[in-house]
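Welcome! Let's walk through a protein model together, one question at a time. Have a look at it before we start.

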Amino acid sequence: MARICLCLTGRTLARDQEILKKYEKQVDLAELRVDCLDPDERFLVRRFPEMVKVPVILTVRRKRDGGSFVDGEGARIILLSKGLAFAEADRRHNFAYVDLEEDLDVPSLEEAARAFGTRIIRSFHDFQGVEQNLAGRVRSLIHAGDEIIKAAVMPQSMADVVRVYEAARDLWNVEKIILCMGDYGSNTRILAELLGSHLTYTTVKGEPDIPPGAPGQLCPQELVDLYRFRSITPKTRIFGIVGFPLKVTSSPAFFNAVFTQRNIDAVYIPFPSDSLEFFMKLADIIGLESASVTIPYKEEILPYLKVRSEKVDFIKACNTIFRCPEGWKGANTDALGFSDVLLEFINKKNLKGQRVTIVGAGGAARAVAAEVYRLKGKALILNRTMFRARDLAARYRFAWAGLDERGVELIYNYSDIIIQTTSVGMEPDINADPLELYEFSGREAVMDLIYKPEITRLLSRAAQAGCPIRNGYDMFIRQAQYQYTQFFGEDFPVQLMSRISI
Ligand code: NAP
C-alpha cells in the first residue's frame with residue numbers, strides 16, 4: 001500500500017515535532033525538510049528520528065529543486081552526513097530514508113546510509129514539464145537495486161499528466177515514487193497506489209508559520225477524510241469531474257461522502273484539464289468509470305459520446321458521462337436539477353404565462369432554456385457573445401440580445417423570473433455582476449446558478465430590492481443526486497442528505 005508522508009517545513013525541530021504529533025493518526029512517515037529549518041537547528045537534525053514515532057526521511061532540498069537551501073553543495077553534504085553520522089545500531093533511532101538527488105554523487109553518504117539501514121531515495125525534480133521518455137529517465141537513475149527512485153514533475157498540460165501515468169505503467173516493476181506537482185497533479189497524489197508509488201507526500205495547511213511542502217500537495221485530512229486514500233486499492237472504482245480551470249467544485253465532497261455513507265469502494269477526484277482529448281485518454285488509462293463534466297466542456301464532450309440520452313440530444317449539452325457497452329454514454333442532469341428547484345422556488349407546477357430572462361448561453365444555459373421551453377415559459381436570452389444567444393434562442397423561438405445596455409432594456413418585458421447562468425460573480429471574482437446595468441424592481445424572482453459564493457453580488461442587489469432569491473446550491477445537490485442515479489442505476493437515497501455536510 002502507498003503510504004502517507006507528511007512534509008515537515010517548520011523552522012525548528014520542536015515545531016516539526018508538534019506538527020507531526022497533530023497528524024500522527026493520519027500519516028505513516030514524515031519528511032524532515034532540513035532546508036526549512038533555522039540555520040542553528042540544522043546541525044541538530046540527528047536527534048529528530050528519536051523525537052517522533054514514525055519513520056523519517058532526511059531531505060535537504062536545494063532551491064532549484066523546489067526547496068530553500070542556498071548555501072552550496074559543500075554545506076549540504078555536511079548536513080546530510082551529520083544526519084546520517086553516528087547512526088546507532090538501533091535502527092529505530094536512525095533516519096529511515098535519505099533523499100539524494102540524481103546528481104549528488106557522494107559515495108561516503110551512500111555508504112553511511114547503507115551501513116545503518118537508511119534507504120536511499122534517488123530523486124529528480126522537473127519544474128518545466130514532463131519529458132517524452134520519462135520512464136527511460138527513471139530507469140537511467142537505477143544505480144543500485146536497493147534505491148527507491150523518485151520523479152516529481154510539474155505538468156504544464158493534461159498531455160503531460162497522461163505521460164506520467166504511461167511512464168508509471170512502464171515502470172510497474174521499479175520501486176518508485178512518481179508524482180505530478182501543481183494544479184494538474186493532485187490526482188497522481190490521490191491515486192499513488194494505482195501509479196505504484198511507494199508513498200504520497202502531504203503538507204500542513206492553515207498554520208501561518210508553516211510553508212507548503214511542494215506545489216499541489218494535499219493535507220492529510222483531505223487525503224484521508226475527503227479522498228478516502230486508505231481504502232483505495234486496484235479494485236477501487238474511479239469517478240471524477242473534468243473542467244477547466246476547475247477551481248470551484250463541491251462534487252468531490254458530495255460524492256466521496258456518499259461513497260463513505262453507502263460503503264461503496266469508490267473515489268471521486270477532480271481532474272482540471274486544459275484538453276478534453278487528453279482527459280479522455282487518461283480516463284481509459286486509469287479505468288475511469290463515470291464523470292461529471294463542467295465548464296467549459298459540456299458541449300465539447302458531445303463528439304466523444306457513442307450514446308446520448310434524450311435530454312442530451314435535445315439540449316445539446318452534457319454534464320454526465322458513464323460507460324455502456326457501446327462506449328461513453330452522456331446524460332444531462334442539470335436540466336431536471338434546475339427545473340425541480342425553480343418550480344419549488346416559485347411554487348408553481350409549470351411556467352405558463354411566465355416571462356423569463358436567461359442570462360448566458362453556455363452549457364448550463366442550454367439546459368435552463370430547454371426546461372423553460374418544456375415548462376411552457378417564454379424567455380429572453382442575453383449573452384456576451386451574441387451569436388450564441390441567437391443560436392440558442394432560435395431553437396425555442398425565444399427572444400435574444402447581447403448582454404449590453406440594449407439587451408438589459410429588454411429585461412423589463414421578461415422580468416417575472418431572472419435566471420443567471422454565466423460564471424460571472426463566481427469565486428474568486430465575487431465582485432463581478434453580469435447584470436450591473438439592470439435595476440431590480442423587487443417583483444422579480446431571481447435565481448443564480450452559482451453557489452460559491454453563497455450570495456453573489458447580483459443576488460445581493462436583488463435581495464436588497466426585495467426580490468425573492470435562490471442560489472445554485474439546491475440545484476447542485478439535485479443534479480448530483482440525478483448523477484448518482486446515472487452512475488449506479490438506482491435512485492439516490494435521500495435520507496443520506498442528513499448525514500452529508502458539504
Ligand atoms: P460555460 O458553458 O463555459 O458557459 C459560460 C457562460 O458564461 C457563457 O454564457 C459565457 O458567455 C458567460 N461568460 C463567461 N465569462 C463571462 C464574462 N466575463 N462576461 C460575460 N459573460 C461571461 O459554463 P457553464 O457550464 O454553462 O456554467 C456556467 C455557470 O453555471 C458556472 O458558474 C457554473 O458553476 C454554474 N452551474 C451551476 C450548476 C449548479 O448545479 N448550481 C450547474 C451547472 C452550472 P460567452 O458565450 O460570451 O463566452
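A polar contact is a pair of N or O atoms within 3.5 Å; within protein, one must be able to donate a hydrogen and the other to accept it, and residues adjacent in sequence count only if both atoms are side-chain atoms. This is a predicted model, where local features need pLDDT of at least 70 and side-chain atom pairs count only at pLDDT 80 or more, while totals for chains, interfaces and linings use all residues. Residues are numbered from 1 along each chain as its sequence is written, and side-chain values use heavy atoms, with hydrogens and water left out.

Q: Which side chain has a polar contact of 3.0 Å with the side chain of D35?
A: Let's first find D35, which sits in the loop between β2 (29-33) and α2 (39-42); helices (H or I, at least four residues) and strands (E, at least two) are DSSP runs, numbered from the N terminus. A polar atom of the D35 side chain also lies 3.0 Å from the backbone nitrogen of R61. The side-chain partner, at 3.0 Å, is R33.

Q: Is D35 buried or exposed?
A: Buried means under 20% relative accessible area, exposed over 50%, and partly exposed in between (1.4 Å probe, protein chains only). D35 has 3% relative accessibility, so this residue counts as buried.

Q: How many disulfides does the structure hold?
A: A disulfide is a pair of cysteine sulfur atoms within 2.5 Å. The sulfur of C180 has its closest cysteine sulfur in C7, but the 17 Å between them is too far for a bond. For C324 the closest cysteine sulfur is in C318, and 12 Å is again too far. The number of disulfides is zero.

Q: Which two domains does the largest pocket lie between?
A: On a 1 Å grid over the protein atoms alone, a pocket is an open set of points with protein on both sides within 12 Å along at least five of seven lines, whereas a cavity is a set where a 1.4 Å probe fits but cannot get out; lining residues have an atom within 4 Å of a point. Domain bounds come from an automatic or database domain assignment. Both domains give residues to the lining, so the largest pocket lies between domain 2 (239-332) and domain 3 (335-474).

Q: Which element gives the most to the lining of the largest pocket?
A: The lining has 49 residues, with T294, I295, A364, T421 and S423 nearest the centre. At least two lining residues come from each of β11 (288-293), α15 (363-374) and α19 (473-488). The top contributor, with four residues, is α19.

Q: What is the volume of the second largest pocket?
A: Lining this pocket are 25 residues, and E222, Y227, L246, K247 and P270 lie nearest its centre. Two or more of the lining residues come from each of α10 (220-226), α11 (251-262) and β10 (266-272). To get a volume, grid points are joined across faces, edges and corners, and the space filled by probe spheres set on the points is taken. The result is about 580 Å³.

Q: How many charged residues are in the lining of the largest cavity?
A: The whole structure has three cavities of 30 Å³ or more, and the largest has a volume of about 150 Å³. Its lining has 18 residues, with H125, K150, G213, A214 and Q217 closest to the centre. Here Ala, Val, Leu, Ile, Met, Phe, Trp, Tyr, Cys and Pro count as nonpolar, Asp, Glu, Lys and Arg as charged, and the others, Gly among them, as polar. The lining divides into eight nonpolar and four polar residues, with the charged ones numbering six.

Q: Which residue does a cis peptide bond join to P296?
A: P296 is in the loop between β11 and β12 (307-308). The omega angle of the bond is about 0°, and the partner of P296 is I295.

Q: Is N263 buried or exposed?
A: N263 lies in the loop between α11 and β10. Its phi is near 60°, a positive value in a residue other than glycine. With a relative accessible area of 70%, N263 is exposed.
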